[in-house]
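Colleague: Please take a close look at one part of this model, the surroundings of whatever is bound there, and then carry on into the strands, helices and core for context.

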Amino acid sequence: MAYEAFWKEDSDKLSAFEKVKLQKDGLDMIRAIIERYAHQGFDSIPADDLDLFKWAGVYQQKPKTGHFMMRVRINTGIMTSDQARTLAEISRLYGRGLADITTRQAVQFHWLTVENFPDIFKRLEEVGLYSFEACGDCPRTIVGNPLAGIDKDELLDTKALVDEVNSFFVLNRDFSNLPRKLKMSISANPYNNAHAEINDLAFTPAVKVIDGQEVVGFHVMVGGGLSAKPHLAQKLDIFVVPDKVLRVAEGVATIFRDFGYREKRNHARLKFLIADWGAEKFKDRLIELIGDLPPRGEDKTAGWQAAFFDGVHPQPQPGLNYVGLNVPVGRLSADELAGLAELADAFGDGTVRTTMSQNAILSGVPDDKVDELLAAPLLQRLSPSAKPFISRTVACTGNEFCNLALVETKKRAVSIAEYLDEHLELDEKIRLHVIGCPNACGQKQIADIGLQGALVKTPEGMAEAFDLAIGGTLGGGDAGPAAKFALPLKGRVPASEIAGVLEQLLLFYKNERQED
Ligand code: SF4
C-alpha cells in the first residue's frame, strides 16, 4: 500500500518517529531554529523537535551538554577554495577548530550550539553550501567521483549531473519524509570511485549502442547499504542516458517514499524493500512510473580502487596534475583546511576535493609547480606518500562525539596504524577500517580488516574491545571481481591488545598467502 493511503488508513502500524513526522516536516526545523530556538536556547527545544533537527543537518553530540555535530554536503566531494575557507572559518569560530572528512565526502563540525546555527547557515549559503538534509530521512549527500572533470579514465564528467540531482532534492518537500535516509552515488569512473554497491541508488558507467551510435550513460544499482544488516545493491536491467538520471533518481525516491517500510526504524531502508521485491519487480514499478528505459548495455566498471588517490597523477589536461593527500582518519584542523584552500589557489585550480576514504585531493597543478607544492609544510602531515597503514586507515567518529559508540575510534585507529607501520613490512597496502558500533559509518564491511568496537568484562570492569572481520571488497563491474563483505572472525580482542593481534594476523597472511 502506498505511503499516503497507508498512514491515513493504518497509522497505528507506524513507528513512533513516523507519527512525529506526520505532524511536522523535518524541514520546518530550519526556520524554527533560525526564528525561535537560536534565540530561546537549547533548553527550549522539545524532544520531538530535537529529533527533527537532523533535517537541518545537525545531531546532538556526546557529551550531551547542548552541543551539536553538523554535517555539510559536499557534492561529489568537490568544493571551491572559497567554500573550504568558509568551512575552516566556521570550524575556527564555532567548532573548536575541528573539521572531519566523512566516508561520504562530507565535512563535519563538532561543538556547535543552537545559537551558532543562523550565522553558520548564512555563511554556508553565501558560498553555495548546505547542511540541510545531510542527516534525516531524506535524500542525503550525493557521493561521486572526486576526480570528476580531471579524470583520464572517466567516461564523462559527472559534476554537473550530481549538482542537478542535488538541486532537485535539497529542500524538496515531496521527498523530505522518506522511510529512512536515501544514499545516492553517481560516478562515471571505471574504478568504482563512489562505492556503488553500498548505496541505496547508484549510477555506474556503461555504454550502449542506440540507433547505431555508441552512447555513454549509466547502469543502475539499488538497495545497497551497510549498518548491522549489510546488503549489496542489486543491478537493474536498464540503461540510462545522462539526461534521464534525474528522472530515474526521482522515480526511485518516489517508490521508496510510497512503498518503503515505516513500521520499524531498523527495517525501513530501501534495501529491505528491494530484498523483498527483487530487482525485476522494482524495475517494472520504476518503468511504470517514469516510462520505458532500454535494457542494460556494456558495463564499464573495471575494478575498485577503494577511493585512494595518494601521490601525483597526470590529468587529461596536458601539463596538469592532481595530488592525493592523506588526511589521517579524516581529521583536519581549521588551519589545515584553510591551508589546503591556500595551496589550491597558489598551486592548483582552486578546488579542494574530498574522498570516500576520508582523504583530500588538490588538482590542476602545473608540472612546474608540483615540486614546490610537495615542499609545502602542510604536506608534511597531509602527505601524498604517507606510510602504508596510516594511508589506508579509515575511522568513524567514535565515542569522542557519537552517542551510539561503544569505543574510541579515531585516536585508536591512528595508534594501531602507527604501530603496524613501525613493526611490519608488506608489499601491499592493507585497508583498515575502525568503527565504534554496528551502524558501520566507517564501512568496516568493505575493509581488508574491519574492527568494530565492543566491550569485554575484565576483573577491573568493562573494557573496550574489538570484533574483527576480514576480506571485504567492492566489485569491478560485470567482468571484474565480485563485491563481498568482510567475514567476521570469532573472538573479541581487548583494545589494549589489538595492535599486537593485528600484527600476528598480518604476519600469518604475509607468510601463508597464496596467489590471488
Ligand atoms: Fe557512531 Fe556507530 Fe556511526 Fe561510529 S559507526 S559514527 S560509533 S553510529
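Modeller: Of the 13 residues around the ligand, those that come nearest are Cys396, Cys402, Ala405, Gly436 and Cys441. Sorted by class, this shell consists of eight nonpolar and five polar residues, and no charged residue belongs to it. The model is a predicted one, and the description that follows should be read with that in mind.

Turning from the ligand to the strands, I would begin with S2, residues 68-72, which is mostly covered, since five of its five residues are buried. The cover extends to both faces of S2: Phe68, Met70 and Val72 are buried on one side, and Met69 and Arg71 are buried on the other. Strand S1, residues 58-60, runs antiparallel to S2 and is joined to it by three bridges, with Val58 standing opposite Met70. S2 is also joined by four bridges to strand S5, residues 107-112, again in antiparallel fashion, and here Val72 of S2 stands opposite Val107.

There is also an open sheet of five strands, ordered S3-S15-S16-S13-S12 and paired antiparallel. Its edges are formed by strand S3 (78-80) and strand S12 (311-314), each of which pairs on one side only. Averaged over the sheet and with direction ignored, neighbouring strands are turned by 30° against each other. Within this sheet, strand S15 (residues 351-354) and strand S16 (residues 360-366) run antiparallel and share three bridges, and Arg353 has Ile361 in S16 as its bridge partner.

Two helices lie across strands of this sheet. Helix H5, residues 81-94, lies across S3 and S15 and runs at about 85° to S3, whereas helix H11, residues 334-347, lies across S15 and S16 and runs at about 20° to S16.

H11 leads on to the packing of the interior. The largest nonpolar core has 150 residues, and Val222, Leu337 and Leu362 are those with the most contacts inside it. Of this core, H11 provides the largest share, namely eight residues. Leaving aside residues up to four places away in sequence, Val222 touches Asp200, Leu201, Ala233, Gln234, Leu236, Val252, Leu270, Ile274 and Phe282.

One of those contacts, Leu236, also appears in a strand pairing, where it stands in S10 opposite Val220. Strand S9 (residues 213-222) and S10 are joined by four bridges and run antiparallel, while S10 itself, residues 234-240, is mostly covered, with five of its seven residues buried.

As a last point, consider Lys13, which is found in the loop between helix H1 (3-10) and helix H2 (16-23). Lys13 counts as partly exposed because 13 other C-beta atoms lie within 10 Å, a count that falls between the limit of 12 or fewer for an exposed residue and that of 20 or more for a buried one. Although Lys13 and Lys264 are 251 residues apart along the chain, the separation of their C-alpha atoms is 9.0 Å.

Methods:
Residues are numbered from 1 along each chain as its sequence is written. This is a predicted model: local features need pLDDT of at least 70, side-chain atom pairs count only at pLDDT 80 or more; totals for chains, interfaces and linings use all residues. Two strands pair if DSSP finds at least two bridges between them. Axes are lines fitted to C-alpha atoms, for helices over the stretch in contact, and angles run from 0 to 180 degrees between N-to-C directions. Two residues are in contact if their C-beta atoms, placed from the backbone, lie within 7 Å. A residue is near a molecule or strand if its C-beta atom, placed from the backbone, lies within 6 Å of it. Ala, Val, Leu, Ile, Met, Phe, Trp, Tyr, Cys and Pro count as nonpolar, Asp, Glu, Lys and Arg as charged, and the others, Gly among them, as polar. A nonpolar core is a set of buried Ala, Val, Leu, Ile, Met, Phe, Trp, Tyr and Cys residues joined through C-beta atoms within 7 Å.
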